[in-house]
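Hi,

Here is the structure I promised to pass on. Have a look at it first, and then read my notes below.

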Amino acid sequence: MAWRIAPLTVDEFVLLVAWLLLACAGLLLACVDVTVRRLPTPFVLATAAILAGLVGVAASTARQPWMLVNSLAASSALAGVYLLLALVGGGMGMGDVRLAAVLGLVLGTAGWTAVLLGATLPYLLAMPSAVMRLRRDPKQRHLPFGPYLVAGAILAVCLTGA
């Protein structure tokens, strides 16, 4: 990820730190989600607070307030979409909604292409596992989606190189 983002300025370095923090926190959250099928709210919110601070620092050192505005808009957009999916009953939990908001916060710094990729890639990544799970036990429809959310966001930033 550091090779793909290649920080040259202070704000790019701060964003790289944010992405690496997200990767580490995301790995822990993915393991927890697979094990207990829950995403711990305090850990997700603490990660969100730290990432929001890092995005704010990056926006202020770059003297580009739109970076923070885009980040907050992307976070709100992803949280809204995933909240709608959770309320409709698409198998999403509120932990997935909170995690999507956190991922949108960092994806928003990379641009709207990365946000769109970060929103769609988790479904493509989860599809083979979901199909295998349904073939084994058609009654079991719950799939821990946190690992796919994190992997999709990291893959999106690596593909866009932002």
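Searching the whole structure, which is a predicted model, turns up 3 aromatic pairs. One of them joins Y82 and Y123: their rings are stacked, with 6.4 Å from centre to centre and 10 degrees between the planes. If you wonder where the angle comes in, a pair of aromatic rings is described by the distance of the centres and the angle of the planes. Planes under 30 degrees apart count as stacked, so the 10 degrees between Y82 and Y123 puts them in that class.

This pair also links distant parts of the chain, since Y82 sits in helix α4 and Y123 in helix α6, 41 residues apart. Are the two partners buried or exposed? Y82 is buried, with a relative accessible area of 2%, while Y123 is partly exposed, at 34%.

Another pair is F145 with Y148, and this one is tilted: the centres are 6.2 Å apart and the planes make an angle of 40 degrees. Both of these residues are buried. Put the four rings together and you get one aromatic cluster, made up of Y82, Y123, F145 and Y148.

Y82 is worth clicking on for its other neighbours too. Leaving out residues up to four places away in sequence, Y82 touches M92, V97, A100, A119, P122, Y123, F145 and L149.

Now for the core. In soluble globular proteins, nonpolar side chains tend to be buried together. Here the largest nonpolar core has 43 residues, and L51, Y82 and L107 are the ones with the most contacts inside it. Which helices supply it with at least two residues each? They are α2 (10-36), α3, α4, α5 (94-107), α6 (112-136) and α7 (146-160). The most comes from α5, which gives 8 residues.

Last, try looking at α3 (residues 41-62) next to α4 (residues 65-88). Their axes come within 7 Å and cross at roughly 150 degrees. Angles over 145 degrees count as roughly antiparallel, and α3 and α4 are therefore roughly antiparallel to each other. On the α3 side, the residues that meet α4 are V55, G56, A58, A59 and A62; on the α4 side, they are P65, M67, L68 and S71. Sorted by class, this contact between α3 and α4 has 7 nonpolar residues, 2 polar ones and no charged ones.

Have fun turning it around on your screen!

Cheers

Methods: Residues numbered from 1 in each chain as written. Predicted model: local features only at pLDDT ≥ 70, side-chain atom pairs only at ≥ 80, totals over all residues. Heavy atoms only, no water. Axes fitted to C-alpha atoms, helices over the stretch in contact; angles between N-to-C directions. Helix = DSSP H or I, 4+ residues; strand = E, 2+ residues; numbered from the N terminus. Parallel < 35°, antiparallel > 145°, perpendicular 65-115°, else oblique. Contact = heavy atoms within 4.5 Å. Nonpolar A, V, L, I, M, F, W, Y, C, P; charged D, E, K, R; others polar. Core = buried A, V, L, I, M, F, W, Y, C linked by side-chain atoms within 4.5 Å. Buried < 20%, exposed > 50% of the residue type's maximum accessible area, 1.4 Å probe, protein only. Phe/Tyr/Trp six-rings, centres within 6.5 Å; stacked < 30°, edge-to-face > 60°.
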